[in-house]
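The following report describes selected features of one protein model, beginning with the surroundings of its ligand.

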Amino acid sequence: MVNSELSMWCYCIDFTTAKAGNGLYLLNFLTQNSLLNIHHKYMQRCLELAAKGAGNVAPNPLVGGVLVHGDRIIGEGWHQRYGEAHAEVNCINSVSEENKKLITSSTLYVSLEPCAHFGKTPPCADLIIKHKIPRVVIGCRDPFIEVNGKGIEKLQAAGVEVENGILEEECKVLNKRFFTFHTKQRPYIILKWAETADGKIAASQNSSARETLGSGHFKPEVEQRLFISNEYSNRLVHQWRSEEAAILIGTNTARLDNPELTTRLWPGKSPVRLVLDMNLRLPNSLKIFNGEVSTIIFNSVKQEEKENLLYYKLQKDNSVVSQLMNALYQLKIQSVLVEGGTKVLQSFIDEGLWDEARLIKNEDLIINSGLAAPTLSKAEKVSEQKIHSDKIEVYNPKNSRPATNE
Ligand SMILES: NC(=O)c1ccc[n+]([C@@H]2O[C@H](COP(=O)([O-])OP(=O)(O)OC[C@H]3O[C@@H](n4cnc5c(N)ncnc54)[C@H](OP(=O)(O)O)[C@@H]3O)[C@@H](O)[C@H]2O)c1
């Protein structure tokens, strides 16, 4: 406990207990309250540290930890890269030689329950027990089936004092992708599109460019693409891409826009490209087939894998969206940025299978005729931001709560 905070609280307690009839009750209440403030402070630091791993740890969760002795942080760490050391290991290893003797009388704060199983690294619960850390304060329980309470049980069985649920909601929100994946058995779905001031997503509607040659392949020409968002928003979109495991587009978007779907405007890993092409009509000349990034073509014709390209077979007559959710769960893809076009986005909205929608509106651009943007229903706006001519609105499904393991 921070000494100055402690003395301030003692002063308050003396003052209030002297005045109140039920002094003991108040004393208890105030002491607990002050401890909670301290827990919040250190858990907040764990969250800041955990966030540093964003983009590098999936499919693992983001986790941060601090080791506190008295009112002093003697160790800090976070999970930095998938397959490498967990937050607890990095935190304990960061303690200086002269402070090592303090570990056995310190409190470990960690944003997610320590693991209890052998994965790519040994169990963190064992490490805590080995180092004789007497108290562990946890943000939230780990929903992963191999852990889910087993880490807490292991610590308690070894005599470690455990407190769970500090800044629980914040800890779950930080790992919204991980929680959604493990509790709903599907990836976290973010819908994203750019629309004009008059609600259009593309210039032409039912133009010849959208037509096909009967049941054969598409016409080879690519129509002029309408750029709606400005260069700053485009850069932001590339940052969004770097934060997700995969990007999904429909057949028409692949052919008409010929997108690369990479993060070339932002440092960070390009996500896996997911493309719907149920009848395998897309020409191999498109950029999505350039082999530079792992690409999955969802289709109803064949299951086949070559180097960076996977053809994943779905049933033609069943809901493509729910089949996709199952396939992506099997493929361990924890989050998807659905980038359009209207038909794909609308399918997710209509099936109620989305967690977040990000709309970029160019408020200066009116094109009168064009392809209408998707219609978002049962949604509530959670934020709004202006970037020059663009307004970025973020929506969540109405009455949604972060995925939980209870
Ligand atoms: N402004 C933006 O942010 C933005 C972003 C992306 C795209 N766009 C624009 O959007 C336009 C394309 O939109 P769009 O609505 O015409 O096409 P789309 O959604 O890109 O693709 C539609 C096609 O994908 C397949 N598909 C999509 N959803 C499906 C589902 N649920 N089940 C089965 N198949 C499904 C179908 O192909 P089959 O018919 O072969 O089965 C369908 O015809 C392009 O002009 C592009 O420029 C704009």
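Helix α9 (251-257) supplies five residues, the largest share of the shell around the ligand. The model is predicted: local features require pLDDT of at least 70, side-chain atom pairs count only at pLDDT 80 or more, and totals for chains, interfaces and linings use all residues. Residues are numbered from 1 along each chain as its sequence is written. Helices (H or I, at least four residues) and strands (E, at least two) are DSSP runs, numbered from the N terminus.

At least two residues of the shell also come from each of β6 (188-196), β7 (200-202), α10 (320-330) and α11. Among the 28 residues around the ligand (C-beta atom, placed from the backbone, within 6 Å of it), A202, G250, N252, G340 and G341 come nearest. By class, the shell divides into 13 nonpolar, nine polar and six charged residues; Gly is counted as polar.

Helix α11 spans residues 342-350, and its buried residues are T342, V344, L345, F348 and I349. A residue is buried if 20 or more other C-beta atoms, placed from the backbone, lie within 10 Å of its own. After α11 comes G352, with a positive phi near 65 degrees.

I288 lies in the loop between β9 (272-276) and β10 (295-299). This residue is classed as buried because 23 other C-beta atoms lie within 10 Å. Leaving aside residues up to four places away in sequence, I288 touches A254, L261, R273, V275 and T295, where contact requires C-beta atoms, placed from the backbone, within 7 Å. The C-alpha atoms of I288 and E260 are 5.9 Å apart, although 28 residues separate the two along the chain.

Elsewhere, five strands form an open sheet with mixed pairing, in the order β2-β1-β3-β4-β5. Its edge strands, β2 (72-78) and β5 (161-164), each pair on one side only. Neighbouring strands are turned against each other by 15 degrees on average, direction ignored, with axes taken as lines fitted to C-alpha atoms. Strands pair if DSSP finds at least two bridges between them. Two of the pairings are listed below.

| Strand pair | Sense | Bridges | Opposed residues |
|---|---|---|---|
| β3 (107-112) and β4 (135-140) | parallel | five | L112 and C140 |
| β4 and β5 | parallel | four | I138 and N164 |

Helix α5 (residues 150-157) joins β4 and β5 in a right-handed β-α-β unit. Right-handed here means that, with the strands pointing away from the viewer, the path from the first strand over the helix to the second runs clockwise.

Notes:
Axes are lines fitted to C-alpha atoms, for helices over the stretch in contact, and angles run from 0 to 180 degrees between N-to-C directions. A residue is buried if 20 or more other C-beta atoms lie within 10 Å of its own, exposed if 12 or fewer, and partly exposed in between; C-beta atoms are placed from the backbone. Two residues are in contact if their C-beta atoms, placed from the backbone, lie within 7 Å.
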